[in-house]
Amino acid sequence: MDFEILKKHKSFDGETWFCEHSSNSTKTQMKFSAFVPSDIKDIDSSIIWLSGLTCNEENFITKAGVQKYLAGTNTLIICPDTSPRGLNLDGEDDSYDFGSGASFYVNATKGDYSKNYQMYDYIINDLIQLLKNDLGIDNVSIMGHSMGGHGALVLGIRNPGLFKSISAFSPIVNPINSPWGIKAFKGYLGENVEEWKKYDAYELVKDGNLVRNTILIDQGLNDEFLQTQLKTSLFEEICREMGQNLKLNMREGYDHSYYFISTFIEEHISFHINSLKKS
């Protein structure tokens with residue numbers, strides 16, 4: 001699976017890339033960014049970052065300050081766009097929480113969205129294939145924020161042999177009971193709640209889907225979405241009940257923004273690099 005580097009910038013003795021490639025899963029051109037901290041031939045591991053609602057491939061790589069904490073390592077970070085773009089589907093660009101920039105990393109089964117909104121497969125098939133076949137990278141971890149934190153948890157829990165570690169900032173942990181999740185799942189998956197549960201981290205753990213390694217989550221206590229959309233405490237409770245190791249940091253005074261992410265991104269990078277080195 002070839003990809004094209006559209007532009008690149010020297011950064012912390014490495015390079016930040018902005019790229020495009022053709023996706024078999026979405027049947028569209030997809031974009032991603034990456035920070036490559038050393039010669040690409042020396043890279044032996046990768047972290048996938050999944051962004052949240054309204055974001056694209058540029059938000060994290062330009063706002064989080066991650067380059068500084070990967071500098072000098074042999075681990076790159078790759079940040080895909082949050083949805084296919086420009087398909088002119090009904091409702092695709094009508095709201096911030098459905099359609100463009102709001103895929104919820106599911107494989108859509110409803111209506112016109114079922115053809116292209118196959119973002120779950122895009123991550124585990126296309127992006128993993130690109131890392132393995134184009135860049136020679138087998139060791140991969142996954143992380144994300146908000147909708148992307150939801151995606152990282154679901155993809156990581158459902159594919160425990162694929163990802164070495166999982167972390168999230170402010171994840172939507174129980175989307176079948178979140179207004180954002182309910183809207184998206186109805187639009188992408190229809191009315192069958194049993195299908196929704198396949199993309200719900202709380203429900204997956206409740207059903208006994210556990211991962212061997214500790215899951216890391218950071219959540220700001222001043223996050224305006226904490227009680228209505230994110231419901232972090234529910235995930236903490238079900239992990240405790242089911243025996244899933246979880247490190248949950250509830251951060252006093254922090255909100256839902258990239259100011260929060262940039263404050264604690266170093267800890268998440270260290271967490272993933274430690275897991276990747278053990279592989």
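**Pockets, cavity and cores**

Trainee: Which element supplies the largest share of the lining of the largest pocket?
Mentor: In this predicted model, the largest pocket has 19 lining residues. Four of them come from a single element, the largest share, and that element is helix 11 (residues 258-277).

Trainee: Which residues of that lining are the closest to the centre of the largest pocket?
Mentor: The largest pocket has a volume of about 340 Å³. Its lining divides into seven nonpolar, nine polar and three charged residues. The closest to the centre are K164, S165, R212, N213 and S275.

Trainee: How do the residues lining the second largest pocket divide into nonpolar, polar and charged?
Mentor: The second largest pocket has a volume of about 210 Å³. Its lining includes aromatic residues such as Y96, W180, F225 and Y258, along with H145, S146, H256 and S257. G52, L53, T54 and C55 also line this pocket. The division is six nonpolar, six polar and no charged.

Trainee: How many cavities of 30 Å³ or more does the structure hold, and what is the space in the largest?
Mentor: The structure holds one cavity of 30 Å³ or more. The space in the largest cavity is about 30 Å³.

Trainee: Which strand gives the largest share of the lining of the largest cavity?
Mentor: The lining consists of F3, W17, F32, A34, V36, L76, I78 and L135. By class, these are eight nonpolar, no polar and no charged. Two strands, strand 3 (29-36) and strand 5 (75-80), each supply at least two of the lining residues. The largest share, three residues, comes from strand 3.

Trainee: Which residues have the most contacts inside the largest nonpolar core?
Mentor: Nonpolar side chains tend to be buried together in soluble globular proteins. Here the largest nonpolar core has 64 residues, and those with the most contacts inside it are I48, Y188 and F235.

Trainee: Which helix gives the most to this core?
Mentor: The core in question is the one of 64 residues. The most, 10 residues, comes from helix 4 (residues 119-135).

Trainee: How many residues are in the second, separate core?
Mentor: Among the members of this second core are I47, W49, F260 and I273. It is separate from the largest one, and its residues number 22.

Trainee: Which residues does Y188 touch, not counting those up to four places away in sequence?
Mentor: Y188 is one of the residues with the most contacts inside the largest core. With residues up to four places away in sequence left out, Y188 touches F98, G99, A102, S103, V106, A108, T109, K110, Y113 and Y117.

How values were computed:
Residues are numbered from 1 along each chain as its sequence is written. This is a predicted model: local features need pLDDT of at least 70, side-chain atom pairs count only at pLDDT 80 or more; totals for chains, interfaces and linings use all residues. Side-chain values use heavy atoms; hydrogens and water are left out. On a 1 Å grid over the protein atoms alone, a cavity is a set of points where a 1.4 Å probe fits but cannot get out, and a pocket is an open set with protein on both sides within 12 Å along at least five of seven lines; lining residues have an atom within 4 Å of a point. Grid points are joined across faces, edges and corners, and a volume is the space filled by probe spheres set on the points. Helices (H or I, at least four residues) and strands (E, at least two) are DSSP runs, numbered from the N terminus. Ala, Val, Leu, Ile, Met, Phe, Trp, Tyr, Cys and Pro count as nonpolar, Asp, Glu, Lys and Arg as charged, and the others, Gly among them, as polar. A nonpolar core is a set of buried Ala, Val, Leu, Ile, Met, Phe, Trp, Tyr and Cys residues joined through side-chain atoms within 4.5 Å. Buried means under 20% relative accessible area, exposed over 50%, partly exposed in between (1.4 Å probe, protein chains only). Contact means heavy atoms within 4.5 Å.
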